[in-house]
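Trainee: Hi! Could you walk me through this one before lunch?
Mentor: Sure, let's open it up together.
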Amino acid sequence: MSWDAARLANRLKHRHLALLTNIAKHGSLTRVAAATGISQPAVTKALAELEDIFGAPLFLRSGRGLQATPLGELALLRARHMQSDLDLWAREVEALHAGRSAHLNVGVVPYVSSALLTAAISQLHQGHGVTLTLHRATTDHLVPMLRRHELDCIISRATSTVALDDLMHRVLYHQRPRLIAHSRLAQRLARRAPDWPAVASMDWVLPAANTPTRQLIMEHFIRAGLRPPSPVLEAYSTDVIEGMLTMNAALISVVPEDIARELCQRGKLGMVPWDFGWELPPINLIRRKREQPLAAEERFSEILLELCGSPPKA
């Protein structure tokens, strides 16, 4: 007997989605029962009902727990997406009840200007009544969150991970790298011609090895025939970088020029005006492709593009 697709639409309930996400989280029916406070026979019965809806096993049972079949992997993926969409929907409804027009969840990499974010968020709220939750993380964390529907959009660097059919991106602006250090060290270096061998041997604060910025910095020294610097600290937080360089006049770091200017405004750090000769990957607004774009997301995109002076899409 062939599987009837109407069964899925007619019989799938929210409790089935919750069961799938709990199985993904806990790995066995025993742990699901303990975590949810439901008896194991009831959980087993619910899974049997769910597998009857799909017309085939979703999991293989073993002593180590449940292993998803291909059908089960698809069910887990779609359940996570549907749960995330329901959560976002609930927050949007809550926003409307509170007199706001919508709520967005936005992911942002650390090297995006606070001045830009503050201006964009302020305009979004004042002009359109949209509230926003900001998540700071690196690109390799934000892209999976976007795909899991945990975020509406992200402001990040475009890498090979976003060059797929499910995502789209618009370039917001470009960044050039700049050396920064304690103001005394920055002043000494600024009086010299670029001396990459000298700075290669210094103590560094650098982003993690898997980030685009770190990879480009390493390649810069390798092209110059030098051993790449080994960092004292790997950090992407601008607060931590600023604190470390302020406390230790022997440390040096590289950040985008707009971030360098923000960090140097208080006078404790200085920017070394040496030209690396290359740009960092551009900062992009990255979104999931949707049949019907979210109005709040469209307004946010328009505000960002205007603030960044990006040309309209052809």
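**Two helices and a sheet**

Mentor: Start with a contact: in this predicted model, L19, N22, I23 and H26 in α2 meet L29, R31, V32, A35 and T36 in α3.

Trainee: Nice. How many of those contact residues are nonpolar, polar or charged?
Mentor: Five are nonpolar, three are polar and one is charged.

Trainee: And at what angle do the axes of α2 and α3 cross?
Mentor: At roughly 110 degrees, and the axes come within 9 Å. Helix α2 covers residues 14-26, and helix α3 covers residues 29-36.

Trainee: What do we call that arrangement?
Mentor: Angles of 65 to 115 degrees count as roughly perpendicular, so α2 and α3 are roughly perpendicular to each other. The crossing of α2 past α3 is right-handed.

Trainee: Which domain does UniProt list for residues 12-69?
Mentor: The unreviewed UniProt entry gives "domain: HTH lysR-type" for them. In the model, that stretch is 62% helix and 14% strand, with its end C-alpha atoms 19 Å apart.

Trainee: Okay, switching to the sheet. What's the strand order?
Mentor: The order is β9-β8-β10-β7-β11, five strands in an open sheet with mixed pairing.

Trainee: Which strands are at the edges?
Mentor: β9 (231-234) and β11 (269-272), each pairing on one side only. Ignoring direction, neighbouring strands in this sheet are turned by 30 degrees against each other on average.

Trainee: So do β7 and β11 pair parallel or antiparallel?
Mentor: Antiparallel, over four bridges, with β7 spanning residues 177-182. To find the spot on screen, look for A181, which stands opposite G270 in β11.

Key:
Residues numbered from 1 in each chain as written. Predicted model: local features only at pLDDT ≥ 70, side-chain atom pairs only at ≥ 80, totals over all residues. Heavy atoms only, no water. UniProt positions renumbered as here; feature names shortened; annotations may be inferred. Axes fitted to C-alpha atoms, helices over the stretch in contact; angles between N-to-C directions. Parallel < 35°, antiparallel > 145°, perpendicular 65-115°, else oblique. Left-handed = near helix turned anticlockwise from the far one by under 90°. Contact = heavy atoms within 4.5 Å. Nonpolar A, V, L, I, M, F, W, Y, C, P; charged D, E, K, R; others polar. Pairing = 2+ DSSP bridges.
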